[in-house]
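Me: I would like to go through this model with you, one question at a time. Please reason briefly before you settle on each answer.

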Amino acid sequence: MRLIYEQSIPGRRGVKLPASDVPASAPLPENLLRKEPAALAEVSELDLVRHFTNLSRRNFSVDTNFYPLGSCTMKYNAKVLENAASLFAPFHPMTALLPDGEGFCQGTLGMLYDLGQMLADITGMDEVTTQPLAGAHGEMTGILLISAYHRAKGNKKKYVVVPDSSHGTNPASAAIAGYEIITVPSAPYGDMDLELFKKAMTDEVAAVMMTCPNTVGLFNPHIKEIADIAHSHDALMYYDGANLNAIMGKVKPGDVGFDVIHVNLHKTFGTPHGGGGPGSGPVGVKKALIPFLPQPRIVMDDGGQFRLETANPGSIGRTAGFFGNFGVMVKAYAYIIMLGREGLIQASEQAVLNANYIKERLKPYYELPYDTTCMHECVFSASRQLAHGVHAIDIAKYLIDRGYHPPTVYFPLIVKEAIMIEPTETESKATLDAFVEVMIEAAKAAESDPQALHDAPLTMPIGRLDETKAAREQNVCCLG
Amino acid sequence: MAPFLPCTHKAGRRKTCPYTENPLEITYMNDSHYCPNTPAEIREMLATIGASSVEDLFAPIPAELRAKTFNLPAGMSEFETFARMQSIAAENSNGMVNFIGGGFYDHVIPAAVDHLSGRAEFYTAYTPYQPECSQGTLQALFEYQTAICRLTGLDVSNASLYDGATACAEAAMMALRVTGRTRIVVDGCVSPFSRQVLKTYLFNLNVEVVEIAPLDGLLNRAELAGVLDDSVAAVLVQNPNFFGSVEEFSPLAEQVHAVGALLVASVYPISLGLLKSPGEMGVDIAVGDGQSLGNPLSFGGPSFGFIAARKAYIRNMPGRIIGETVDKQGRRGYVLTLQAREQHIKRHKATSNICSNQGLCALRGLIFLSAVGREGLVEMARLNRDKAEYAKSRLAGIPGVKVLQSSPTFNEFTIFLPKPAAAVVAGLLKEGVAAGVPLGEYYEDSANAMVVTVTEKRTRKEIDQLVKVLEVALCA
């Protein structure tokens, strides 16, 4: 498709602005002005609408395709959530920061406070900050909170421990927050190797970052023991909430020894992923870390009024411009009150049921490195198909031709040729069955006609792209 | 399974969300609109798995670790949910006339922005890891990167960061990587929120942040010259700055480059319809908040941060970058490129920890810029300045009110009142006017000062009304 800039006709306009009702101002001095207007598109409203409508049709999405992208929890996003968010569009965030401004923002501040309370209950934490803007941002915030905690205690800490199955954001966030990383290998049963973990733990460890269930979809039965060992070194336990969708109402990270948690609202709490974002990554903490939470902190006074607390000397400060991705939080809040207690438990149960169903059905056709009950996702390996020269990526591309968004491939790194499938609770048995049939077809094609898999996809507007050329030429903006 | 205990705490003021006090019993019949499997299907699936109940699947979680309480309200229909959200929104005061900015601005949004970004194919997709079935998102983000490069006059852009404040911090960290140095110099005229976020990001790293106190609402260039040496990685400035002053940073860029440091500028994209672009000033990294480009105020988010830089620094950029390439048949297409910088490949050695970005908000920014277009952005910038200049001259006519700037401003400016601004602003809020942002909270000796913002949405009548109510408040 042509770029929007390639459709520009000088002088064409997509929107009419209001006429001025004030006198024209004196021109700015020449040295402050740009020489030429920015070469933005020049298209009519219809050109604009047709262009972006047609572009949108070149995407797979949850609303058009089954999208079992492991670790991303691509559940259906209820339409009413969008309507709810639009109710809050006109509210300026600075209003709350004006003198006595909180009084004019009781709805929005109260909603953030309530969301924090509900997330605290779901995760077993004592208080939640809604400021972090995405999961990784929550991780960084959480590690900075841990760092502030150790500083206040005079602890000398240098390291953060992560299992080798962790999301890449875990070590990246800890590194950005100033720590060195110790990576603990996984044991043959898929969880972090307990003996190697014990050896890694010293008094210099600030935190242990884990996701539980982990990225191969397994709940670590030794989690309490791991937390106890970490705490014996005054290291804090960080919970990566990316996989929270498996356990709502079943187990609370705060109960099993975690001290800090981030929650990906765009995963577990049904807010759309937006083609890459916005997400939202509220962080929950145990009591000992409350003094360090970001500012401004939303509190409820004795009269039931919501206020912003800014005079908190121990705080790590601001982590975002205002109060977080508010519109995303509106959707998550509406999702939680709509599903309610039973609905959230049911969501986790069905997510786990769906994943185990796919796991059982595909087990005869694909290598299952950890053959045990999984939680919300299951991880296969394409190692059997590799014997015929077929890689996980080839199976992924075949699925595209059949109308399925591929699962996550090549992650987690500890599984060779990984295929990570997360169906979520919003998919029906019929959808899962149809997907399983196509996966079986792919496995059979790997044996009978590997070339067909190498050639896929054939039904898309483009075939496999030359990624080396993209990286070499670095053409990241249209020069024409 | 242990029965759930009755609710014991009272969170917040969810008066109309009664807690369920009964022990929990799940019946799959009553809620199949989001979890579609019927009891019969669930039985079949369990038989395939070889489990006798769904509860069996949770056996890997040791019994002693299981949740003992779950104190959430009972669920409700989407209609009741929407009504509840309406009642929460109604607790905010609506219809406030905004003369406040401070990083978020009340601008027009063409209807097409909502409709097109509301295409579910855009908003229910995720990061375009599989390019063949994600060309819609990928091409749109390539077009977005192009718009940002053209707006800022720089060579390369990523596919968005979280917001303007975190973009400042990411740019500073990028400069630390590029130069291998350990000091960041920040103009005190940069938004206090951005400066606070910068300090939060850097507080555990071995980096010194030097802040230059403002001089009459402008960068104190003499003081800055005094701290510039070869330990400085970057100088961070903002244009227009938090006071509303417009500055020319070309001479500064030369000074900064002379010591081998980078100049980072946070800019307000609407102002770039008129103002000299960062690229023209010799800026190395430009950042800013994209809210004003088609994203609603929405109590502070989501918006997006943008970052653009000179090509030499592309490998040190944070976040996703979209690149153009071809398939085997030579057809043009777009992919995530230079992924070897990113956390999912490089883990702790990544250029940033960012994973999810603000893609949909960036898409809104692109649609906005494409709707307004080349000439429209100039016209919009001019409208903003004209309205602000009108307001400035009217406010300056109130006895006792003085305008801080003798130098140019864009759509924000600072005025001094004859009495503390905080009390005046608080009083006017009750009349439905957010008259400005008092500076006393953010700068010493500024209790009487406030920043007034006037966008194209403010009518002459509203500006005249502001003048009238302020005059009355000052007489009182």
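Me: Which side chain meets Asp126(A) in a salt bridge?

Reply: This is a predicted model, in which local features need pLDDT of at least 70 and side-chain atom pairs count only at pLDDT 80 or more, while totals for chains, interfaces and linings use all residues. Side-chain values use heavy atoms, without hydrogens and water, residues are numbered from 1 along each chain as its sequence is written, and chains are lettered from A and ligands numbered from 1 in the order in which they are written. A salt bridge requires a side-chain nitrogen of Lys or Arg within 4 Å of a carboxyl oxygen of Asp or Glu. At 3.9 Å, N to O, the partner of Asp126(A) is Lys287(A).

Me: How many residues apart in sequence are the parts that this pair ties together?

Reply: Asp126(A) lies in the loop between α4 (106-123) and β1 (127-129) of chain A, helices (H or I, at least four residues) and strands (E, at least two) being DSSP runs numbered from the N terminus. Lys287(A) lies in the loop between β7 (283-285) and β8 (297-300) of chain A, so the separation is 161 residues.

Me: Is Lys287(A) buried or exposed?

Reply: With a 1.4 Å probe and protein chains only, buried means under 20% relative accessible area, exposed over 50%, and partly exposed in between. Because its relative accessible area is 60%, Lys287(A) is exposed.

Me: Which residue of chain B meets Arg13(A) in a salt bridge?

Reply: The pair crosses between chains, from the segment before α1 (45-56) of chain A to helix α12 (residues 359-396) of chain B. At 2.9 Å, N to O, the partner is Glu379(B).
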